[in-house]
Amino acid sequence: PASIDDFGIGVTLTNYIENLNKSTSINIEYEDLTKQENSNISSHQGINLFRISQELINNSLKHAKAKNIRITLSEFDEFISLFYFDDGIGFDMNTVKLGSGIINIKERVEICNGNILINALPGNTTFEIELPIE
């Protein structure tokens, strides 16, 4: 979205999730802990973080049977952190289909020289993503 360049990833995700909450029965909570002024998140990182968030939400809506999603985007001096949680059915990392959103997410994290930690337990699926400040 063009709003990433104008307003940053934090505001863009806030608007996206507010719109989603109007059209879905799942409760999505989003906490924006990015720096509104003087953010060091590049537009390249912002676009990838937005696409990763979209993919995670889509997976939860389509497959996880989740009732609650929590997302926190935090900006620190050295890195950006995206924390994602849902209370859905989880999944088996070994049997997730290739070409699925999980693969796309991992590729986007790698493009940004980041790290990802996935915990896919039933009732407690989490993605912890860290990207270095460029």
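Two strands count as paired if DSSP finds at least two bridges between them. Keep that in mind as you open this predicted model, because the tour starts with strands that pair in this way.

**Stop 1: a hairpin**

Select residues 115-121, which are strand β4, together with residues 124-132, which are strand β5. These strands pair in the antiparallel sense over 7 bridges. Now pick out Leu 121 and look across to β5: which residue stands opposite Leu 121? You should find Asn 124 there. β4 and β5 form a hairpin, with 2 residues between them. Colour Gly 123 in that turn; its phi is positive, at about 80°.

**Stop 2: the whole sheet**

Next, show every strand. The sheet is an open one made of 5 strands, and its order reads β1-β2-β3-β5-β4. The pairing is mixed. Which strands stand at the edges? They are β1 and β4; each has a single partner strand, so one side of each is left without a neighbour in the sheet. From one strand to the next, the twist averages 5°.

Zoom in on β2 (68-75) and β3 (79-86). This pair runs antiparallel and is joined by 7 bridges. Select Ile 69 and you will see Asp 86 of β3 opposite.

**Stop 3: a salt bridge**

Stay by the loop between β2 and β3 and select Asp 77 there. Then add Lys 35. These two residues form a salt bridge, and their closest N and O atoms are 3.0 Å apart. The pair links distant parts of the chain: Lys 35 sits in the loop between β1 (27-33) and α3, 42 residues apart from Asp 77. How many salt bridges does the structure hold? The count is 1.

**Stop 4: helices across the sheet**

Turn on the helices. Select α2, residues 9-23, and you will find this helix lying across β1 and β2, running at about 165° to β1. Then select α4, residues 101-111, which lies across β4 and β5 and runs at about 155° to β4.

**Stop 5: α2 beside α3**

Keep α2 on screen and add α3, residues 43-64. The two axes come within 10 Å and cross at roughly 20°. That makes α2 roughly parallel to α3, and their crossing is right-handed. To see where they meet, show side chains in α2, including Ile 9, Leu 13 and Tyr 16, and in α3, including Leu 49, Phe 50 and Ile 57. How do the residues of this contact divide? There are 9 nonpolar, 4 polar and no charged.

**Stop 6: α3 beside α4**

For the last stop, hide α2 and bring back α4. The axes of α3 and α4 come within 10 Å, crossing at roughly 160°. That makes α3 roughly antiparallel to α4, and the crossing here is left-handed. Among the residues that meet are Arg 51, Ile 52, Glu 55 and Leu 56 in α3, with Ile 102, Ile 105, Arg 108 and Val 109 among those in α4. The residues of this contact divide into 6 nonpolar, 5 polar and 3 charged.

Technical notes. Residues are numbered from 1 along each chain as its sequence is written. This is a predicted model: local features need pLDDT of at least 70, side-chain atom pairs count only at pLDDT 80 or more; totals for chains, interfaces and linings use all residues. Side-chain values use heavy atoms; hydrogens and water are left out. Axes are lines fitted to C-alpha atoms, for helices over the stretch in contact, and angles run from 0 to 180 degrees between N-to-C directions. Helices (H or I, at least four residues) and strands (E, at least two) are DSSP runs, numbered from the N terminus. Angles under 35 degrees count as roughly parallel, over 145 as roughly antiparallel, 65 to 115 as roughly perpendicular and the rest as oblique. A crossing is left-handed if the near helix is turned anticlockwise from the far one by less than a right angle, and right-handed if clockwise. Contact means heavy atoms within 4.5 Å. Ala, Val, Leu, Ile, Met, Phe, Trp, Tyr, Cys and Pro count as nonpolar, Asp, Glu, Lys and Arg as charged, and the others, Gly among them, as polar. A salt bridge is a side-chain nitrogen of Lys or Arg within 4 Å of a carboxyl oxygen of Asp or Glu.
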